[in-house]
Amino acid sequence: KTVVTSYPSRIEETKGCSSNSIEHDIELFRIRKLFSKLKMVKKYFTENMLRSCRELRNSVIFSAFGDLHSDAAIELNLPGKKYYCAIEFETSDKALDRYREKLDDYYSRSEIDLIIYICTSQRLLNLIRKVDQEYSQDRRSKLYFCLLKEVFKNPSEMSFHSPSGSTLVLK
């Protein structure tokens with residue numbers, strides 16, 4: 001089963017796809033394979049697709065994900081509603097201001113319904129959760145999170161948690 005149901009027909013040449021971390025990209029590939037098997041996930045686009053495919057760059061919805069350099073974007077079909085979600089995979093600490101900037105960008109984009117952070121450590125997860133609490137004091141949080149090891153424990157039913165304690169279960 002392929003998740004990308006309408007793969008963009010043409011990838012334009014860009015300055016090239018580069019990566020600062022091969023390990024980061026390998027884990028993102030493994031994460032993509034898991035998400036691709038979930039029935040609720042109807043589309044999955046990598047960062048390179050979001051930034052290099054003309055159809056996605058010109059899309060009313062998916063251009064926002066490319067603009068914000070999301071690691072990936074998915075379309076979720078949940079009962080009664082479609083959600084557009086950013087996937088962020090964090091492996092190392094960044095400055096607190098960098099997380100603030102990233103979350104501020106996500107909260108300012110109405111096209112993005114949810115942000116799913118997958119982190120390699122509890123420390124990173126707690127840091128991102130803390131920053132999100134600043135942005136969600138007077139509005140509903142867009143954030144759901146999980147540790148990488150938890151994603152691989154039960155790949156047919158992944159659970160992500162919000163700072164308020166609600167759970168998003170993807171099957």
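Me: What makes E27 count as buried in this model?

Reply: In this predicted model, E27 has a relative accessibility of 19%, and since the limit for the buried class is under 20%, E27 is therefore placed in that class. The residue belongs to helix α1, which covers residues 22-36. Leaving aside neighbours within four places in sequence, E27 is in contact with F89, L148 and F152, where a contact requires heavy atoms within 4.5 Å.

Me: Why is Y83 called partly exposed, and with which residues is Y83 in contact?

Reply: Y83 has 22% relative accessibility, and because the class in between begins where the under 20% range of buried residues ends and stops at the over 50% range of exposed ones, Y83 counts as partly exposed. Y83 is found in strand β3. Once the neighbours within four places in sequence are set aside, the contacts of Y83 are I74, E75, L76, L78, D113 and L114. The C-alpha atoms of Y83 and E111 are separated by 9.2 Å, although these two residues lie 28 places apart along the chain.

Me: What makes H69 partly exposed, and what is its phi?

Reply: The relative accessible area of H69 is 35%, which is neither under 20% nor over 50%, and H69 is therefore partly exposed. H69 lies in the loop between α4 (63-67) and β2 (72-78). Its phi is positive, at about 55°, although H69 is not a glycine. Most residues other than glycine have a negative phi.

Me: How do you know that strand β4 is largely enclosed by the rest of the structure?

Reply: In β4, residues 114-119, 6 of the 6 residues are buried, so the strand is largely enclosed by the rest of the structure. The side chains of L114, I116 and I118 point one way from β4, those of I115, Y117 and C119 point the other way, and all of these residues are buried. In a regular strand the side chains alternate between the two faces of the sheet.

Me: What makes β3 and β4 a pair, and in which sense do they run?

Reply: Two strands pair if at least two bridges are found between them, and β3 (residues 81-90) and β4 have 6 bridges, so they count as a parallel pair. Within this arrangement, E88 stands opposite Y117 in β4. Strands β3 and β4, together with helix α5 (residues 96-108), make a β-α-β unit that is right-handed.

Me: How many bridges join β4 to β5, and what is the bridge partner of I115?

Reply: Strand β5, residues 143-147, is joined to β4 by 5 bridges, and the two run parallel. Because at least two bridges are needed for pairing, these strands count as a pair. The bridge partner of I115 in β5 is L143. A right-handed β-α-β unit is made here as well, from β4, helix α6 (residues 122-135) and β5.

Me: Why is β5 described as largely enclosed?

Reply: Of the 5 residues of β5, 5 are buried, so the strand is largely enclosed by the rest of the structure. L143, F145 and L147 point one way from β5, while Y144 and C146 point the other way, and all are buried.

Me: How many disulfides does the structure hold, and how do you know that C146 is in no disulfide?

Reply: The structure holds 0 disulfides. For C146, the nearest cysteine sulfur is that of C119, 9.0 Å away, and because a disulfide requires sulfur atoms within 2.5 Å, C146 is in none. C146 is buried, since its relative accessible area of 6% is under 20%. C53, with a relative accessible area of 0%, is therefore buried by that criterion.

Me: Where does pLDDT stay under 50, and what is the mean pLDDT of the protein chain?

Reply: The mean pLDDT of the protein chain is 88, and 88% of its residues reach 70 or more. Values stay under 50 over residues 1-7, for which the model has 19 contacts beyond four places in sequence. They also stay under 50 over residues 9-17, for which the model has 12 such contacts.

Me: What does the secondary structure of the protein chain come to, and what part of the chain is buried?

Reply: The protein chain has 7 helices and 7 strands, following the pattern α-β-α-α-α-β-β-α-β-α-β-α-β-β along the sequence. Buried residues make up 47% of its 171 residues.

Notes:
Residues numbered from 1 in each chain as written. Predicted model: local features only at pLDDT ≥ 70, side-chain atom pairs only at ≥ 80, totals over all residues. Heavy atoms only, no water. Helix = DSSP H or I, 4+ residues; strand = E, 2+ residues; numbered from the N terminus. Buried < 20%, exposed > 50% of the residue type's maximum accessible area, 1.4 Å probe, protein only. pLDDT = per-residue confidence, 0-100. Right-handed = clockwise from strand over helix to strand, strands pointing away.
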